Amino acid sequence: MSTQPLILHANAVVFQGQGVLIKGDSGRGKSGLSLQLMALGAQLVADDRTVLETRNGTVVMSAPKSIHGLIEARGIGILSADAVDQAILSAVVDLDQEETERLPPVREISVSGHRFPLFFHVPTPYFPASLIQYLKGGRRE
């Protein structure tokens, strides 16, 4: 069973089957973070607009057909990218909020009625690598 699609102003990438929704206001770096994650092995799902649908108890992300396989790189232009058709949402990054704690508490966010781990932006060069490592091995509590 699926729900009516929801389109968000957000990016999405997937790494080893785990999808990450990257949200934030315009100019916050959604495409930049996506490109960094892609350089570390993630695959593009959607740039700028992400379609969310609930199917069989999971939230599935995809791109509108008109922008599938495209990503903006500021100062360079619109780039073609190998993109997957869809990915299951596993975690959310909110670039509008900056992480202030060295070891932050576990945070969650509700998306389409489901709860997901939530991460705030960490303004360091290793933030993308940290996200990849989280997707590989999780977080120890």
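A pocket is an open set of grid points where a 1.4 Å probe fits, with protein on both sides within 12 Å along at least five of seven lines. Keep that in mind as you look through these close-ups of a predicted model.

**View 1. The second largest pocket has a volume of about 250 Å³.** Start with the residues closest to the centre of this pocket: K30, S31, G32, E72 and R74, which are among the 15 that line it. Both α1 (30–39) and β7 (70–73) supply at least two lining residues. The biggest share comes from α1, which gives four residues to the lining. What kinds of residues line the second largest pocket? Sorted by class, they are seven polar, six charged and two nonpolar.

**View 2. Helix α1 has a buried side.** Look along the helix for K30, S31, L33, S34, L37 and M38, which are buried in α1. Why do these residues sit on the same side of α1? They cover an arc of only 160° around the axis, so they end up on one side of the helix. Among the elements that cover the buried residues of α1 are the strands β2, β3 (18–23), β4, β7 and β9, together with the helix α2. Follow the chain just past α1 and you meet G41, whose phi is positive, at about 115°.

**View 3. The largest pocket has a volume of about 600 Å³.** Which residues lie nearest the centre of the largest pocket? They are P104, F119, V122, S130 and R139, out of 23 residues in the lining. Strand β11 and helix α2 (127–137) each provide at least two residues of this lining. By class, the lining of the largest pocket holds 13 nonpolar, eight charged and two polar residues.

**View 4. The largest nonpolar core has 20 residues.** Try finding V45, M61, L89, V92, V111 and F116, the residues with the most contacts inside this core. Six strands each supply at least two of the core's residues: β2 (10–15), β4 (43–46), β6 (58–62), β9 (87–98), β10 (108–111) and β11 (114–121). Another core, of 19 residues, lies apart from this one, and its members include V13, M38, A42 and I132.

**View 5. F116 and the residues it touches.** Leaving aside residues up to four places away in sequence, F116 touches V59, L89, S90, A91, V92, R107, E108, I109 and V111. F116 is also one of the residues with the most contacts inside the largest nonpolar core.

Definitions and conventions: Residues numbered from 1 in each chain as written. Predicted model: local features only at pLDDT ≥ 70, side-chain atom pairs only at ≥ 80, totals over all residues. Heavy atoms only, no water. Core = buried A, V, L, I, M, F, W, Y, C linked by side-chain atoms within 4.5 Å. Buried < 20%, exposed > 50% of the residue type's maximum accessible area, 1.4 Å probe, protein only. Contact = heavy atoms within 4.5 Å. 1 Å grid on protein atoms, 1.4 Å probe; cavity = no way out; pocket = protein on both sides within 12 Å on 5 of 7 lines; lining within 4 Å. Points joined across faces, edges and corners; volume = space filled by probe spheres on them. Nonpolar A, V, L, I, M, F, W, Y, C, P; charged D, E, K, R; others polar. Arc of directions from axis to C-beta.
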